[in-house]
Amino acid sequence: MPIIEVNNLVKDYKLNVRKNGLIGSLQSLIIPEYKIKRAVDNINFSIDKGDMVGFIGPNGAGKSTTVKMLTGILTPTSGKINVLGLSPSKDRKKLASKIGAVFGQRTQLWWDLPVSDTFDLLKYIYRIPDKVFKENMDMFNEILGLNEFFSQPVRQLSLGQRMRADIAASLIHNPEIILFDEPTIGLDVIAKEKIREFIKQVNKEKNTTMLFTTHDMMDIEKTCKRMIIIDHGIIIYDGTVDQIKKRYGTTRTLAAEFGQGSDPVTLPEGVEMVEEKDNKKYFQFNKDKTQASSLIAYLTSKYNILDLTVQEPEIEAIIREIYEGGINYDKSVSGNSKEGLSEQLGISC
Amino acid sequence: MAYRVEYFAGLINTLILIFVNIAIWKAIYGEDGSFDGIQLQMVLTYIILGFLMQSIFGMDEYFISNKINNGLISSDLLKPISFRLLVFSYNFGLAVFRIIMNLIPAVILSVIFFKLLPPFSLTMGICFLISLGLGYLVLYCLNFIVWLSAFWFYGTFSLVTIKDAIVVIMSGALIPLWFMPQWLYDFIKLTPFDSIYYIPISIYLGQIPSNEIIYSIVKQVFWIFLLIGIGHVIWKFATKKLVVQGG
C-alpha cells in the first residue's frame, strides 16, 4: 500500500511577460501579458512506506514544485495527490503534523531565537510527549552534535550547523514521511557525510519514508535505492540506481600504464583510445561487446604493462548524459507503469 | 540597546503628536472654549484618546507581504498551525506589548500634562473597554484583507498607505466625526470605519446614550463577522494562488 500517490499531477505558473525598455515597461503596465509556464507536466509515481527515493533533475525541472505540492504549500493546477490518505492542499494542517520537510535553501527555524528555544517551540506546536522529545533530542545530539551551538541564536549559526539544526527540527515529531529539498546544498564533504549517515540511520530505525531532491549524486548513491529523474516537468526515469547504471553505464574505461619505450598500440575492434598522458593510456570500450578480461589478456601478452585499472562510469556522468539528451531513455525502463517499476525494485505491490 | 531607543522614541512620538494636536485644537477654539456647543476639554480628550488608541492599534503591516516576498511563508505553512491565527497572534502580541509598555505610561502622562478627562461613568468606562477591543478587531480584519493582496501584488506598500489614509480620516481617529459634513457623516455610518475609533471614544465621552450603546456594539460585532467572512473567502483564493519565491 503506497503512502504517497501522485496521479496526473500538473502545476502551471502564470508568468508576467516583461518587455524591455521604458516603452516596454509602460506597455506591460497598461496591457499586461501573461505566459503560462508548465512546471510539472502530468507526472505519476507512488512511494511505499519506508522507501528512500531520490528525486533528481536539472534546475527548474519541477522538483521543488512537486515537493511543495506534496506538503500542501502549493495547490496543484490539476491532478491528484494522496499522502497518508490525505489531500495535501485540503488537509494541510492535519498532514503537517505527520510529515516533515527540509528546504535546504531556507531555514524553518526562528531566526532570532536560540536553537534550544526553537526546539521547545516545536515541541509545543507538534504536541510532542516529553518522553519522545527527550529520546529524539538525545539521538540528534549524539549524531548531529547539536550541543555545540544549542544556545546560540539561529542567525549566528554556520550553514552546516543550521542545516543540522534544520534537519533535526524536521524530525523531532517523528514524521512518517520526510521530504528533503536539497538538504546538503552548500555543505562541505564532512558535513554532507554526517547528514547522509544520520538520514540513513533514521530511515533504518524509524522506517521513515523519505523523498530526496538533490543535485549531488553522491547523496543519492549513498542513501537511495530508487531514483526518479524529472526534466521539464516530466518523469524521464523511475527505477533503481543500479538499474540505471546497468542500462546506461555500459562503457568502461581501462587505464593502462605502459613500460618505457613501448611500441605504438594496435587495438582490437570496438576499443578506442581516448586519452594519452606520458606513458599512461586510456581505452574506452563497451562492456557488452568487449570483455575486459580478454582486452587485458590481449594487452599484457603484446606489451610491457606496469599497471591496469578498469573504471566504471560514475552515476553523475550518466545523469549528465541523460540531461543533455545523449542517452535515449527507453520507455520500458522508466515509463510510468507500476508493474515495471515494482519488478525493477523487486517488490510486490 | 537599539530596542530601548526605539521604545523611548515611540513613547515620545505619541506624546509629541498629542501635544501638537492639542495646540491646533486650542488655536481653533480660541479663547471662549466652546464651539458648536462642544466643550474644548471634551474634544481634547477625544484627540488624546484617538492617539493613545492609535499607538496600540499599530500592526505589522508587512508581516504577510514580507513572508511572501522572501518565501518564508513556506516554513509557516509546513507547520500544523493556522497561518491566519499565526498572523493574528503576532499582531495581538504586539498590541499587548504596546499596552503594557507604551499605553500605561502615556495615559499617566496624559492625565498629568494634558488633563485627560475620566470616562463619563463607570459603566461607560467598561463599555468603552469592550468597544475598544471590538474596534481593534474591526481594524485587524480590515487590515488582514488589505495584507492578503500581497498574494497577488507582492508589493503592498501603496495599498497599505491608501488604506491608512482612509482609516485615519473616516474612522475619526484624527478629527471627531461630529465635525464632518452631514452627508459624509451619514456615509461613514454605513461603513466599518466608525467602528474602529469613533464608537469607542464616543462611548467613553458619554456621547452615545446608554440605551444606544448596545446598538453600537452590535454594529461593531456585525462588521467583525462580515470582514472575517470576506477575509476567509479571499484567503481561500490566496492559498491557491500562492507562488513560493526563490526556488
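How many other C-beta atoms lie within 10 Å of Asn8(A)? In this predicted model, the count for Asn8(A) is 13, so the residue ranks as partly exposed. Asn8(A) belongs to strand E1 of chain A, which covers residues 2-17. The backbone at this position deserves a look as well: phi of Asn8(A) is positive, near 45 degrees, although the residue is not a glycine. A second residue of this kind is Glu182(A), with a positive phi near 50 degrees, again in a residue other than glycine. Glu182(A) sits in the loop that links strand E6 (177-181) to H7 of chain A. With 21 other C-beta atoms within 10 Å, Glu182(A) is buried, because the cut-off for that class is 20 or more.

Some overall figures help to place these residues. Chain A has 349 residues, of which 34% count as buried. Its secondary structure amounts to 12 helices and 13 strands. Along the principal axes, the C-alpha atoms of chain A occupy a box of roughly 75 × 55 × 50 Å. Among the contacts in chain A between residues at least 6 apart in sequence, 72% connect residues at least 24 apart.

Helix H7 of chain A offers a good place to look at packing. For the 18 residues of H7(A), a rise of 1.5 Å a residue predicts a span of 26 Å, and the end C-alpha atoms do lie 26 Å apart, which agrees. Which residues of H7(A) are buried? They are Lys192(A), Lys194(A), Ile195(A), Arg196(A), Phe198(A), Ile199(A) and Val202(A). The elements against which these buried residues pack are helix H5 (130-144), H6, strand E7 (209-214) and helix H8 (217-223), all of chain A. As general background, an α-helix has 3.6 residues a turn, so residues three or four places apart point the same way. Just after H7(A) comes Asn207(A), with a positive phi near 55 degrees.

The pairing of H7(A) with H6(A) can be described in more detail. Helix H6 (residues 159-171) and helix H7 (residues 189-206) of chain A pack at an angle of about 10 degrees, and their axes are 11 Å apart. H6(A) is therefore roughly parallel to H7(A), since angles under 35 degrees fall in that class. On the H6(A) side, the contact is made by Gly160(A), Met163(A), Ile167(A) and Leu171(A). Their counterparts in H7(A) are Ala191(A), Ile195(A), Phe198(A) and Val202(A). By residue class, the contact of H6(A) with H7(A) comprises seven nonpolar residues, one polar and no charged.

The sheet further along chain A gives another view. Four strands make up an open antiparallel sheet in the order E11-E12-E10-E13. Strand E11 (271-277) and strand E13 (305-311) of chain A lie at the edges and each has a single partner strand, so one side of each has no neighbour in the sheet. From one strand to the next, the twist averages 20 degrees. How many bridges join E11(A) to strand E12 (residues 280-286) of chain A? There are six, and the two strands run antiparallel. Met273(A) has Phe283(A) in E12(A) as its bridge partner, while Lys277(A) is bridged to Lys280(A) in E12(A). E11(A) and E12(A) form a hairpin with two residues between them, and Asp278(A) in the turn has a positive phi of about 50 degrees. As for burial, E11(A) is hardly covered: of its seven residues, the number buried is zero.

Turning to chain B, helix H10 (residues 198-205) is mostly covered, with eight of its eight residues buried. These residues are Tyr198(B), Ile199(B), Pro200(B), Ile201(B), Ser202(B), Ile203(B), Tyr204(B) and Leu205(B). The cover over the buried residues of H10(B) includes helix H2 (40-57), helix H6 (122-148) and H11, all of chain B. Gly206(B) follows H10(B) and has a positive phi near 75 degrees.

Finally, the two chains meet in a contact that takes 17 residues from chain B and 18 residues from chain A. Helix H4 (73-77) and helix H11 (210-241) of chain B each contribute at least two residues to the side of chain B that touches chain A. On that side, H4(B) gives the most, with three residues. The residues of chain B that touch chain A divide into eight nonpolar, seven polar and two charged.

How values were computed:
Residues numbered from 1 in each chain as written. Chains lettered and ligands numbered in written order. Predicted model: local features only at pLDDT ≥ 70, side-chain atom pairs only at ≥ 80, totals over all residues. Contact = placed C-beta atoms within 7 Å. Nonpolar A, V, L, I, M, F, W, Y, C, P; charged D, E, K, R; others polar. Axes fitted to C-alpha atoms, helices over the stretch in contact; angles between N-to-C directions. Parallel < 35°, antiparallel > 145°, perpendicular 65-115°, else oblique. Pairing = 2+ DSSP bridges. Expected span 1.5 Å × (residues − 1). Buried ≥ 20, exposed ≤ 12 C-beta atoms within 10 Å, placed from the backbone.
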